[in-house]
Structure formats: C-alpha cells, structure tokens
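Subject: Handover of a structure, with notes

Dear colleague,

I am passing the structure below on to you, and my notes on it follow underneath. Please read them with the coordinates open beside you.

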Amino acid sequence: MYAYAGSIETETLDNPSLRSPLTSDAMETTTNDHTSAPPIVVTHEGGLRFSAQARSHRIVTDQSRKANGSDTGPTPVELLGAA
C-alpha cells in the first residue's frame, strides 16, 4: 500500500521544471498558500483502485472489469468529467 500526502498544485508550482507554460504568476500566488487547505492523501489500495482523502471526504477510483479493475468506483476520467 502506498500513500501520498501533499498538494499536487503546490509541488508542481514550486518545481519550475514541472510548470506548464500556461501557469501564470497570479495562479501561483493563489495556489501556493500552504495554510489554506489540508493535504489530499492518495492511497493505492491494490490493483487499479485508489482512494483520496480530502478533508472529511473519501473518494474511491477504480477501473471497470473490462479494463482489469474491480469496478468499485468511477474511473479517474469519469470523476474528472463529474468535476
């Protein structure tokens, strides 16, 4: 089992080699505030299933059985579409 705790946006913005050419200084100023939100913890639960803990909310992603997953939650692309 693997776990990641951190802010993806903050780490990307802090590392110039990972920055998108579309990243603006204004975006960096608003998203690089380490005190504004607790970290999101992503945990690999086995196979193709991952869970993310954001504040008091737990989100599970998985792949369909057709894609060799267990179909215990929406795929990451489905969650992105819902966002």
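How many helices and how many strands does the secondary structure of the chain come to? Before the answer, please keep in mind that this is a predicted model. The chain holds three helices and four strands, and along the sequence these elements follow the pattern β-α-α-β-β-β-α. Of its 83 residues, 17% count as buried, and the chain exposes about 6,200 Å², of which carbon and sulfur atoms supply 59%. If one takes the contacts between residues at least 6 apart in sequence, 19% of them join residues at least 24 apart.

The hairpin

Strand β2, which covers residues 40–46, runs antiparallel to strand β3, which covers residues 49–54, and six bridges join the two. Together β2 and β3 form a hairpin that leaves two residues between the strands, and in this turn G47 has a positive phi of about 60 degrees. For orientation within the pair, H44 stands opposite F50 in β3.

The salt bridges

A search of the whole structure finds two salt bridges, and E45 takes part in each of them. In one, the side chain of E45 meets that of R49, with a distance of 2.5 Å from N to O; in the other, E45 pairs with R58, where the closest N and O atoms are 2.4 Å apart. This second pair links distant parts of the chain, since E45 lies in strand β2 and R58 in strand β4 (residues 57–61), 13 residues apart. Through the shared partner, E45, R49 and R58 are joined into one network of salt bridges. As for the surroundings of these side chains, E45 is partly exposed, with a relative accessible area of 30%, and R49 also counts as partly exposed, at 23% relative accessibility.

Positive phi outside glycine

Two residues deserve a look at their backbone angles, given that most residues other than glycine have a negative phi. R55, which is not a glycine, has a positive phi of about 55 degrees, and its place is in the loop between β3 and β4. With a relative accessible area of 62%, R55 is exposed. D71 likewise has a positive phi, near 55 degrees, and is a residue other than glycine; D71 is found in the loop between β4 and α3, the helix at 76–82. There the relative accessible area of D71 is 46%, so that D71 is classed as partly exposed.

A buried glycine

Is G69 buried or exposed? At 15% relative accessibility, G69 counts as buried, because the limit for that class is under 20% relative accessible area. The place of G69 is in the loop between β4 and α3. When its neighbours within four places in sequence are left aside, G69 is in contact with L48, D62, Q63 and S64. The C-alpha atoms of G69 and G46 are 9.9 Å apart in space, while the two residues are 23 residues apart in sequence.

With kind regards

Key:
Residues numbered from 1 in each chain as written. Predicted model: local features only at pLDDT ≥ 70, side-chain atom pairs only at ≥ 80, totals over all residues. Heavy atoms only, no water. Pairing = 2+ DSSP bridges. Salt bridge = Lys/Arg side-chain N within 4 Å of Asp/Glu carboxyl O. Buried < 20%, exposed > 50% of the residue type's maximum accessible area, 1.4 Å probe, protein only. Contact = heavy atoms within 4.5 Å. Areas by Shrake-Rupley, 256 points an atom, 1.4 Å probe, with all protein chains shown as cover.
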